[in-house]
Amino acid sequence: MNFQTSAGVANSGHRSRRLLTEILRSVSRSFYLSIRFLPGQLRDPIALAYLLARATDSVADTTGISGRVRIETLEMLSDAIQGKASRDVVVDLIASFIPLQVNNSERTLLESSPDCLDRLDQIDQADRNDIRIVLQKITRGQMLDLQRFDNPKEIRALGTAADLDEYTYLVAGCVGEFWTRLCFRHVRNFAILSEDEMLALGKRYGMALQLINVLRDAGSDLRAGRCYLPEYELNAAHVSASQILSEPEGFQLIYRAWLAKAKAGLECGIEYSRAIENRRVRAATVLPAVIGARTLSLLGNAGPAALQRTVKVPRSEVRRMILRLALTFASRKQIESIWNRATQE
């Protein structure tokens, strides 16, 4: 290997480490905390898939560019991830999105998109195929979102519960399946349940985590013209999407029913986590469930006020959860204790 080749490998390695540490940490507090528990063979493909998903999400959320252009850019970025489009074209398309990012971390992430695509070419083929499958579903969900909510001046609601289930599956339920396939391939004696059983639980767990995001962000989404809770249910309660912010009390029965559905999905996540034999993977897997359970408790306690402010689990609480998991090596008994405390407070 000559000096130039060695330097190229070194630079590539440096860019990969920066992607999977600095940038990942800057764009996701909770996910970065989870991924630190994982063994190395899982950490890289899962982190890379997350960064690619966040990059497509940044494109979808850039409101300073028309919905049509965002959809076209997402299609091209998706083709590049699938290995069907020139990344040079993608770089040129994304260039117009970078200056419009209010958040510096999102701007840096989009600037690093070529490095993410390069890294995708370098990883194991089976992992690359799984990343491409999950990203294809995620970008499909993002494009559906842009098509459904194409006018921010008009509050629109999803039609039915099936539409909301489809959305939560495409942007997160499929991630539970992706995580499961990677773990069965890379982790010896991964779980005491079968792969099919874990895939089903992982799917419901991922959907629940996205549903929590929907419920937590319901107020800000309404102000942006989006209502993810079904119009069919709103009509049955004689509440329109445009009335929710001004008359939140009539919305509470529907909202609380979906809080309960999210909790049931998190219980699948706890069952999934308990089935995992590897303690490091178990800790990484269960952390979003206990943070999610605490978020649901905070949302329930806030009542209608949750539509007017951001509800988040304080960092100090998250650190205590992580410390308890680490000190007890994510024992199943400790998981039950943290879960019970998060759901009852």
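How much space lies in the largest cavity? In this predicted model, the figure is about 70 Å³. The search covered the whole structure and found 3 cavities of 30 Å³ or more. Elements that give two or more residues to the lining of the largest cavity are α10 (195-216), α11 (218-223) and β2 (226-227). The largest share comes from α11, with 3 residues. The lining consists of Val214, Leu215, Ala218, Asp221, Leu222, Arg226, Cys227, Tyr228, Leu229, Ile244 and Phe251. By class, 9 of these residues are nonpolar and 2 are charged. No polar residue takes part.

Two residues of this lining, Leu215 and Leu229, also stand out in the nonpolar core. The largest such core has 116 residues. Leu215 and Leu229 have the most contacts inside it. Leu215 touches Leu229 itself. Other contacts of Leu215 are Tyr255, Trp258, Leu259, Ala262, Leu296 and Leu299. This list leaves out residues up to four places away in sequence.

Two of the residues touched by Leu215, Leu259 and Leu296, recur in the lining of an open site. Leu259 and Leu296 both line the second largest pocket. The volume of this pocket is about 190 Å³. Helices α13 (252-274) and α14 (279-302) are the elements that give two or more residues to its lining. The most comes from α14, which gives 5 residues. Besides Leu259 and Leu296, the lining includes Arg256, Ala260, Lys263, Ala293, Ser297, Gly300 and Asn301. Thr343 and Glu345 also line the pocket. The class make-up is 4 nonpolar, 4 polar and 3 charged residues.

A buried charged residue was examined next. Asp127 is placed in helix α8 (residues 125-148). Its relative accessibility is 5%, under the 20% limit, so Asp127 counts as buried. The side chain of Asp127 makes a polar contact with the side chain of His186, at 2.9 Å. His186 is also among the residues that Asp127 touches, together with Pro45, Leu182 and Arg185. Residues up to four places away in sequence are not counted here.

Val311 is buried as well, but in a loop. This residue lies between α14 and α15. Its relative accessible area is 4%; the limit for a buried residue is 20%, and Val311 is therefore buried. Val311 touches Arg216, Leu298, Leu299 and Ala306, residues up to four places away in sequence being left out. Leu299 is also a contact of Leu215. Along the chain, Val311 and Asp145 are 166 residues apart. Their C-alpha atoms are separated by 23 Å.

Positive phi values occur at two loop residues other than glycine. One is Asn189, with phi near 50 degrees. Asn189 lies in the loop between α9 (161-186) and α10. Its relative accessible area is 60%, over the 50% cut-off, so Asn189 is exposed. The other is Phe329, with phi near 55 degrees. Phe329 is in the loop between α15 (315-327) and α16 (332-344). At 58% relative accessibility, Phe329 counts as exposed because the cut-off is 50%.

Is Leu327 buried or exposed? Leu327 belongs to helix α15. With a relative accessible area of 62%, Leu327 is exposed. Leu327 and Ser242 are 85 residues apart along the chain. The separation of their C-alpha atoms is 48 Å.

Glu249 is found in the loop between α12 (231-236) and α13. Its relative accessible area is 58%, and Glu249 is exposed. In sequence, 51 residues part Glu249 from Met198. In space, the two are 38 Å apart, C-alpha to C-alpha.

Key
Residues numbered from 1 in each chain as written. Predicted model: local features only at pLDDT ≥ 70, side-chain atom pairs only at ≥ 80, totals over all residues. Heavy atoms only, no water. Core = buried A, V, L, I, M, F, W, Y, C linked by side-chain atoms within 4.5 Å. Buried < 20%, exposed > 50% of the residue type's maximum accessible area, 1.4 Å probe, protein only. Contact = heavy atoms within 4.5 Å. 1 Å grid on protein atoms, 1.4 Å probe; cavity = no way out; pocket = protein on both sides within 12 Å on 5 of 7 lines; lining within 4 Å. Points joined across faces, edges and corners; volume = space filled by probe spheres on them. Helix = DSSP H or I, 4+ residues; strand = E, 2+ residues; numbered from the N terminus. Nonpolar A, V, L, I, M, F, W, Y, C, P; charged D, E, K, R; others polar. Polar contact = N/O pair within 3.5 Å; in protein donor to acceptor, adjacent residues only side chain to side chain.
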